Amino acid sequence: MDQKKVDIKPLKIPNASQPRIIHVHNETSDELSINGTIDFTTDGLGITASNRIDSNLCMSGEATKGLLDLFDQVWNDSDAFACATSALHRN
């Protein structure tokens, strides 16, 4: 993964029902988004075994536009998020 193409922003205020959206911008194919209870962890992403029960929705193409618009609205709210990307790149 090219770390220069990844941004990480934790919420400033704890929120038990924080949005979990993974959006993949593809240059050569449809956009892809996953929305639901998935966590950005190894078991949440299916990399390691888990007994979790998650409910996720995967969309591609034009269907991702509304979800991406909502994501951008929340993501660009500087009052809601801190930027952790530079700290991640240093480690």
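A contact here means heavy atoms within 4.5 Å.

**View 1. Overall fold of the protein chain in the predicted model.** Two helices and three strands make up the protein chain, and their order along the sequence is β-β-β-α-α. Among contacts between residues at least 6 apart in sequence, 51% join residues at least 24 apart. The protein chain has 91 residues, of which 16% count as buried. About 6,900 Å² of the protein chain is exposed, and carbon and sulfur atoms supply 54% of that area.

**View 2. A nonpolar patch on the surface formed by Phe-40, Leu-45 and Ile-47.** Together, these three residues have about 330 Å² of accessible area. Leu-45, one of the three, lies in the loop that runs between strand 2 (32-36) and strand 3 (56-60). Leu-45 counts as partly exposed because its relative accessibility is 35%, and partly exposed is the class between under 20% (buried) and over 50% (exposed).

**View 3. Surroundings of Thr-64 in the loop between strand 3 and helix 1 (65-75).** The relative accessibility of Thr-64 is 3%, so this residue counts as buried; the cut-off for buried is under 20%. Leaving aside residues up to four places away in sequence, Thr-64 touches His-23, Glu-31, Leu-32, Ser-33 and Met-59.

**View 4. Two loop residues, Leu-45 and Thr-64.** Leu-45 sits in the loop between strand 2 and strand 3, while Thr-64 sits in the loop between strand 3 and helix 1. Leu-45 is partly exposed at 35% relative accessibility, whereas Thr-64 is buried at 3%.

Definitions and conventions:
Residues numbered from 1 in each chain as written. Predicted model: local features only at pLDDT ≥ 70, side-chain atom pairs only at ≥ 80, totals over all residues. Heavy atoms only, no water. Patch = residues over 30% accessible without salt bridge, like charges linked within 9 Å, V, L, I, M, F, W, Y side chains within 5 Å. Areas by Shrake-Rupley, 256 points an atom, 1.4 Å probe, with all protein chains shown as cover. Salt bridge = Lys/Arg side-chain N within 4 Å of Asp/Glu carboxyl O. Helix = DSSP H or I, 4+ residues; strand = E, 2+ residues; numbered from the N terminus. Buried < 20%, exposed > 50% of the residue type's maximum accessible area, 1.4 Å probe, protein only.
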